[in-house]
Amino acid sequence: MHFFEDFKVRDGLSVHLWPTKKFRTVYLQIYLHSPLTDETATFLNLLPAVLTRGTKQFPETRLLNTRLDMLYGAGINSSFTRRGERGLVSLSANMADISCEGKVPLEHLCDLARSIMFEPALSSSGMLRSDFLSQEKAGILNDIASVKDDKDAWAEYRCMANMGKDEAFSVHPYGDEDLLKSIGPEPLTSWWANVLPDLPADIFAVGDFDVVEALELITRAFGGAIKGGSNPGPVATYKPAPEIPQVVEENADTVQAKLVMGWRSRTNWASPDYPAHVLANHIFGQYSQSKLFMNIREKEGLAYSVGSKIEPTKGLVYAFAGVDPKKVEKAVEVVIREHGALANGNITENELSDAKKSMEMGIRISADSPASLYSREMTGIVNGKRLTIEEAVRGIEACKAEEVAKAASEWKLDTIFKLMPNSYSKGGRG
Amino acid sequence: MMASSMRPMEKAEVRILPSGLEVALIKKQGYVRKYAVLAARFGSQVITMRFAGDREEYELPEGTAHFLEHKLFEQEKGNMEEKFSELGATSNAFTSSDITGYLFCANDNFYECLGLLFDLVYKPVFSDLGVEKEKDIISQEIMMTRDDPDWMGYRTLLTQLYSNHPMAIDPAGTAESIKDVTPEVLYAVHEAFYSPGNLTLLVVGDLNPEDVFDVAALLDAKAGVKASQEVEVSTVIEPAEVNTAKGKLKMDVARPILWMGFKDDPLMFGKSAAKRKMAASVLADALFGPSSKLNDFLYTSGVIDDNLAFDEHYAQDYGYISLVAATKRPQELLSSVKEATEAAAKVGVDPQAFELAKRRLIGSQLRSFKFGGVHRLRVPCRQIQGYGPHGKAFASGINYSGRRQ
């Protein structure tokens, strides 16, 4: 079943609507496509943070927050995210399904999102406000500094950065620290006025509304302002893994060692063999009966947190484990052994069927969460292939063990990254 | 103000089975996933117990409830997670200070899964070997939390708020304390606390209510578990004052994170903890919410760069409000919060802030379920809403998710 009805307002502006009584919240989600570079990430992460501080009508942050409270605690969130090497500005607005002030929730949400994007609070010289700018810059600088606080996420990012030194996917979505520090009101205002409206957009809405009415509300709010004429560039580039995987060790103030290993493949969401890859990853480490979970955690007792994941646009596979520092080499050995087993077709019928069932449920239940659904749809849009839930499930069901093994055998190990406690000197023993 | 209109809120339907098992259903029309949680009113805060009539009081190792939660997944017919997986379902469990819950999420095969859930909770099999091996896994789980500043800060706040109340104990215990867990300990607490009268089954999904209640009754009768011998859990006397007003924890973070706790006095709310909790949530929202004067001042003056995060936690014999923020200027944050709370105590809450807080809470209630009917257990609603096959362990910071990251 297609949840969303798709409408193309023009090149560069598409609208996807799902009218449903299922949720008690009404959702409006806007994605803007951009290339992924240090510059776009820095500007496009900062810009929405400043824009959500105040609008022409509610020029102070407290006034805007009070407005959100008046709308029964409506929520506005912005971020800069990515799919492979495509940057995405995300602006989401949602509110409880309560009609008030003579307007349905979607109309309130369109009003809010439009005024945030296109009618911001400006200084007397027509610039974005410098006080908002400096506060949000300070906030993002803090975010950048805090990335290291979550050691699992930090290890994963460091593995990715080491793996993709010269590739766009190593760009951190918070952007570049030095560039961020240098941004003043003029360049940011220029990005707002000239770059933002030209980014191609996909707008999603979910809730208890009439499709015709909803399309009209959205078109009226954004049809004039969003031009969407720019080219966001490729979604992924391919680079082969080195002959011999690189081993990188870094230190941090941790108790556990955080191990992350990264493989490259040539698959992506739109490839005919993608279902085999995604199923291989599932059997490898994506769920509680996976090879990594059963062996690293249940059999060897090496880790509590262990697993793997696949990135659907660039075809990268990561395995991760939080282990006792003394046992990190053993963990590497077991991960490589289990990948080898998978690639050699050591897959039982139960492993295959349990993984298929688990994946099938994972795919089906995305229908219970608007955020998972439009995230899925965006992966499809970015990769140029939309899949219904049934099509995705059928793709998984049709996979044979040989195809799964073949997929896993095509993953080439690129990087072994170890984040070790400070007490462990580099390469030595603690 | 113009009128507002909304569909009615969702309600839970609750029945008590002859065995004493409480069954609650929240019907979610159109939802694909179906959840069931079987939860025992037994959590990490139980550290001593005595069977009625016995003289002897048993001391339980810290972390026993959580250890039991891990080990119940191992049964005679194999690992229960595997059984759920074979049915295409995911399973999980969590331990908080006052409850332990076991849950699954299914698409098809809901009633087969429900049968497994009853087996899981009612039919323990513990072996020396299995218990020993679990200690390694739980030790790594405890080590993982040592690297998590959010978790460690929150746990430390609790030990500073409470002098005696064992709710401040880390649900996982310590690497040291769990060494004392044996199969005997696990059997004893299971017998004492896992009888139907001490359990609640909560089901959420697009299911026929009569089928749910019928099957639950059948499974409950088939299990045939009798009421346990009465157990006394020793109560503690907790002073109204905090244990220590200030404390510091050194961890590798980019900037200080400040936790603040406001300890309520159970003598003030007696039996109406639910009502008190509601009042506390309006108060916290009015004082600390995104449109509050305090939050705005702190944000625009650069003391914080994210809205204040706060929550209220209430049970029969304790209650507190927690507040957390990362800041490079902890002293300013502390004094502003103090000033705002003291002013509210003196002159009351600003009427506009009060109205806005109520609006926000009405909105958020409508978005979640209405739990009016489920009274016996504090229903782990956050766990249910936050739980997905790859959900994060610490969905709320209150509950300690046991099995899975």
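The paragraphs below lead through a predicted model, from the contact between two chains to a single helix, two buried polar residues and a set of salt bridges.

A good place to begin is the contact between chain B and chain A, to which chain B gives 66 residues and chain A gives 66 residues. The size of an interface is often given as the accessible area lost when the parts come together. By that reckoning chain B and chain A bury about 6,000 Å² between them, and 49% of this area lies on carbon and sulfur atoms. On the side of chain B, the residues that lose the most area to chain A are Arg7(B), Asp147(B) and Arg367(B), which together account for 13% of what that side buries.

Charged and polar groups also take part in this contact, since six salt bridges are counted between chain B and chain A, along with 29 residue pairs in polar contact, both residues of each pair being at pLDDT 80 or more. The side of chain B that touches chain A draws two or more residues from each of several elements of chain B, among them the strands β1 (5-6) and β10 (100-106) and the helices α4 (128-146) and α12 (351-367). A salt bridge that can be found in the structure is the one between the side chains of Asp69(A) and Arg360(B), with an N to O distance of 2.9 Å.

Gln289(A) gives a view of the contact from the side of chain A. This residue lies in the loop between α9 (274-286) and α10 (291-299) of chain A, and it counts as buried because its relative accessibility is 10%, where buried means under 20%. Apart from residues up to four places away in sequence, Gln289(A) touches Met294(A) as well as Glu81(B), Glu82(B) and Ser85(B). The side chain of Gln289(A) is also joined to that of Ser288(A) by a polar contact of 3.4 Å.

Another buried polar residue of chain A is Ser90(A), which is found in strand β5 (residues 86-96) and counts as buried at 8% relative accessibility. Its side chain and that of Gln29(A) are joined by a polar contact of 3.0 Å. With neighbours within four places in sequence left aside, the residues in contact with Ser90(A) are Gln29(A), Ile30(A), Tyr31(A), Asn77(A), Ser78(A) and Ser79(A).

Helix α8 of chain A, which runs over residues 211-222, can be followed in some detail. Its twelve residues should span 16 Å at 1.5 Å a residue, and the C-alpha atoms at its ends are 16 Å apart, so the expected span and the model agree. The buried residues of α8(A) are Val211(A), Ala214(A), Leu217(A), Ile218(A), Ala221(A) and Phe222(A). Seen down the helix axis, these buried residues fall within an arc of 130°, and therefore they line one face of α8(A). On the other side of α8(A), Val212(A) and Arg220(A) are exposed. The buried residues of the helix pack against the strands β1 (5-10), β2 (13-19), β3 (25-35) and β7 (201-207), and against helix α3 (105-118), of chain A. At the N-terminal end, α8(A) is capped by Asp210(A), a side-chain oxygen of which lies 3.2 Å from the backbone nitrogen of Val212(A).

The last topic is the salt bridges, of which 52 are counted over all chains. In one of them Lys314(A) pairs with Glu85(A), the closest N and O atoms being 2.8 Å apart. This pair links distant parts of the chain, 229 residues apart, with Lys314(A) in the loop between β10 (303-311) and β11 (316-323) and Glu85(A) in the loop between β4 (75-83) and β5 of chain A. Lys314(A) is buried, with a relative accessible area of 7%, and Glu85(A) counts as buried at 5%. Both residues belong to a network of salt bridges in which Glu85(A), Glu167(A), Arg264(A), Lys314(A) and Asp414(A) are linked.

In a further salt bridge the side chains of Glu119(A) and Arg114(A) meet at 3.1 Å, N to O, and here Glu119(A) is partly exposed with a relative accessible area of 30%, while Arg114(A) is partly exposed with 23%. Asp131(A) and Arg129(A) form another, their closest N and O atoms being 2.7 Å apart; Asp131(A) counts as partly exposed at 31% relative accessibility, whereas Arg129(A) is buried, with a relative accessible area of 14%.

Key
Residues numbered from 1 in each chain as written. Chains lettered and ligands numbered in written order. Predicted model: local features only at pLDDT ≥ 70, side-chain atom pairs only at ≥ 80, totals over all residues. Heavy atoms only, no water. Helix = DSSP H or I, 4+ residues; strand = E, 2+ residues; numbered from the N terminus. Expected span 1.5 Å × (residues − 1). Buried < 20%, exposed > 50% of the residue type's maximum accessible area, 1.4 Å probe, protein only. Arc of directions from axis to C-beta. Contact = heavy atoms within 4.5 Å. Polar contact = N/O pair within 3.5 Å; in protein donor to acceptor, adjacent residues only side chain to side chain. Buried area = accessible area lost by both parts, 1.4 Å probe. Salt bridge = Lys/Arg side-chain N within 4 Å of Asp/Glu carboxyl O.
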